[in-house]
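Notebook open, model loaded. I went through a few spots one by one and wrote down what I found.

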Amino acid sequence: TVRELAKAADGIIEGFRPGVMERLGLGPDVLLGDNPKLVYGRMTGWGQYGPLSQAAGHDINYISISGNLHGYGRPDGKPTPPTNAIGDFAGGGMMLAFGMVAGILNARGTGRGQVIDCAMTDGAAVIHAMQWGFRGMGMWEDTRGVNMLDTAAHFYDTYECADGTFISIGSIEPQFYALLREKAGLSDPAFDAQMDKSAWPALKEKLTALFKSKPRAEWFALMEGTDVCFAPVLSMADALKHPHNVKRGTFLNVDGIDQPGPAPRFLGTPAPAPMGRK
């Protein structure tokens, strides 16, 4: 049945350990023999070959070996897994989706299908390409919490407010940083040293005290929608109610279950809303 379906398919995706589909008689040699235009997507953690290819694993392991997990967390703490976002979903699912589309487009133009070997370890490494680039330029230290984008900088971090909620600030560019200073009333000349890493700890302490002096609603009123690069750190429940998410329909409720809506948006061929139980 699978062979018959694959004869008329653009692509097939499988997520077994290497060799399982071959043992089932459904390996790429067989299915591509039936349908030369087929794009055969293989999703694994470690990849189709390599010393670990037959080992079990999970997201936390894949992002560990790729060099990602080492950088997630505060400098005085242990690495913190980003809840499967990097390995499983970005390095795995999204990479395979991209690979399948690219492979199918190529097959339509050339008449030749192929195998897509999508390893979450490879994908996780690619997701960190920017950090590898910074490292190559001497702009990234291989230590947690000492770089501009990993919470060391006072202008790129989360802060607690007076009511125990949190906000995020990402005022990197000079004009955005200047607006942050204006909105927050940061006239202290010490804040002139935006990019002086030696000044970051002291400036972080000052911002920590400042943001904790008011409830989040007041910072929200001052900064949201401006070029400060500000956003409240919302819980899942609160994210459902944020006006931007509501306006865009970012979340849907199907059969009483809240869930993200389809993305990205195809404006010419909008995706239908997910269907509930009939």
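**Aspartate 255 and the turn of the backbone there**

I started at aspartate 255, which sits in the loop between β7 (251-254) and β8. This is a predicted model, so I read every value here as computed from that prediction. I looked up the backbone first: aspartate 255 is not a glycine, yet its phi is positive, about 55°. My reminder to self is that most residues other than glycine have a negative phi. Then I checked exposure. Aspartate 255 comes out at 38% relative accessibility, so I put it down as partly exposed; the partly exposed class runs between 20% and 50%.

**Another positive phi**

I went looking for a similar case and noted threonine 151. Its phi is near 90°, again positive in a residue other than glycine. Where does threonine 151 lie? I found it in the loop between α7 and β4.

**After β8: two prolines**

Next I followed the chain into the segment after β8 (257-260), where proline 264 is found. I checked the peptide bond leading into it from alanine 263, and that bond is cis, with omega near -5°. Most peptide bonds are trans.

Proline 262 is in the segment after β8 too. I have it as partly exposed because its relative accessible area is 32%, and that class covers 20% to 50%. What does proline 262 touch, once residues up to four places away in sequence are not counted? I listed Leu252, Ala271, Pro272 and Pro274. I also took a C-alpha distance: proline 262 and threonine 250 are 12 residues apart along the chain, with 8.0 Å between their C-alpha atoms.

**The sheet β4-β5-β6**

I moved on to a sheet. It has 3 strands in the order β4-β5-β6, it is open, and the pairing is antiparallel. Which strands stand at the edges? They are β4 (156-160) and β6 (230-233); each has a single partner strand, so one side of each is left without a neighbour in the sheet. For the twist I wrote down an average of 25° between neighbouring strands, direction ignored.

I zoomed in on one pair. Strand β5 (residues 166-170) and β6 run antiparallel and are joined by 4 bridges. Within that pairing I picked out isoleucine 169, which stands opposite phenylalanine 230 in β6. A helix is there as well: α10 (residues 216-223) lies across β5 and β6, and I have it running at about 155° to β6.

**Helix α6 and its neighbours**

I then spent some time on α6. For packed helices I note the angle between the axes and the distance between the axes.

With helix α5 (residues 85-110), the axes come within 8 Å and cross at roughly 95°. That makes α5 roughly perpendicular to α6; the class takes in angles from 65 to 115 degrees. On the α5 side of the contact I listed Ile86, Gly87, Asp88, Ala90, Gly91, Gly92 and Met95, and on the α6 side Met120, Gly123, Ala124, Val126 and Ile127. By class I get 7 nonpolar, 4 polar and 1 charged.

With helix α7 (residues 129-136), the axes come within 4 Å and cross at roughly 55°. That makes α6 oblique to α7. From α6 I wrote down Ala125, Val126 and Ile127, and from α7 Ala129, Gln131 and Trp132. This contact has 5 nonpolar residues, 1 polar and no charged ones.

One residue of α6 (residues 120-127) got its own entry: threonine 121. Is threonine 121 buried or exposed? I have it as buried because its relative accessibility is 12%, and the cut-off for buried is under 20%. Leaving aside neighbours within four places in sequence, I found threonine 121 in contact with Gly45, Trp46, Tyr62, Ile65 and Ser66.

**The whole chain**

Last, I zoomed out. I count 12 helices and 8 strands in the protein. The C-alpha trace spans about 70 × 45 × 35 Å along its principal axes. I compared the radius of gyration, 24 Å, with the value for a compact globule of 278 residues, which would be near 19 Å. Of the 278 residues, 33% count as buried. I also looked at contacts between residues at least 6 apart in sequence: 56% of them join residues at least 24 apart.

Definitions and conventions:
Residues are numbered from 1 along each chain as its sequence is written. This is a predicted model: local features need pLDDT of at least 70, side-chain atom pairs count only at pLDDT 80 or more; totals for chains, interfaces and linings use all residues. Side-chain values use heavy atoms; hydrogens and water are left out. Buried means under 20% relative accessible area, exposed over 50%, partly exposed in between (1.4 Å probe, protein chains only). Contact means heavy atoms within 4.5 Å. Two strands pair if DSSP finds at least two bridges between them. Axes are lines fitted to C-alpha atoms, for helices over the stretch in contact, and angles run from 0 to 180 degrees between N-to-C directions. Angles under 35 degrees count as roughly parallel, over 145 as roughly antiparallel, 65 to 115 as roughly perpendicular and the rest as oblique. Ala, Val, Leu, Ile, Met, Phe, Trp, Tyr, Cys and Pro count as nonpolar, Asp, Glu, Lys and Arg as charged, and the others, Gly among them, as polar. The radius of gyration is taken over C-alpha atoms; the globule rule is 2.2 Å times the number of residues to the power 0.38.
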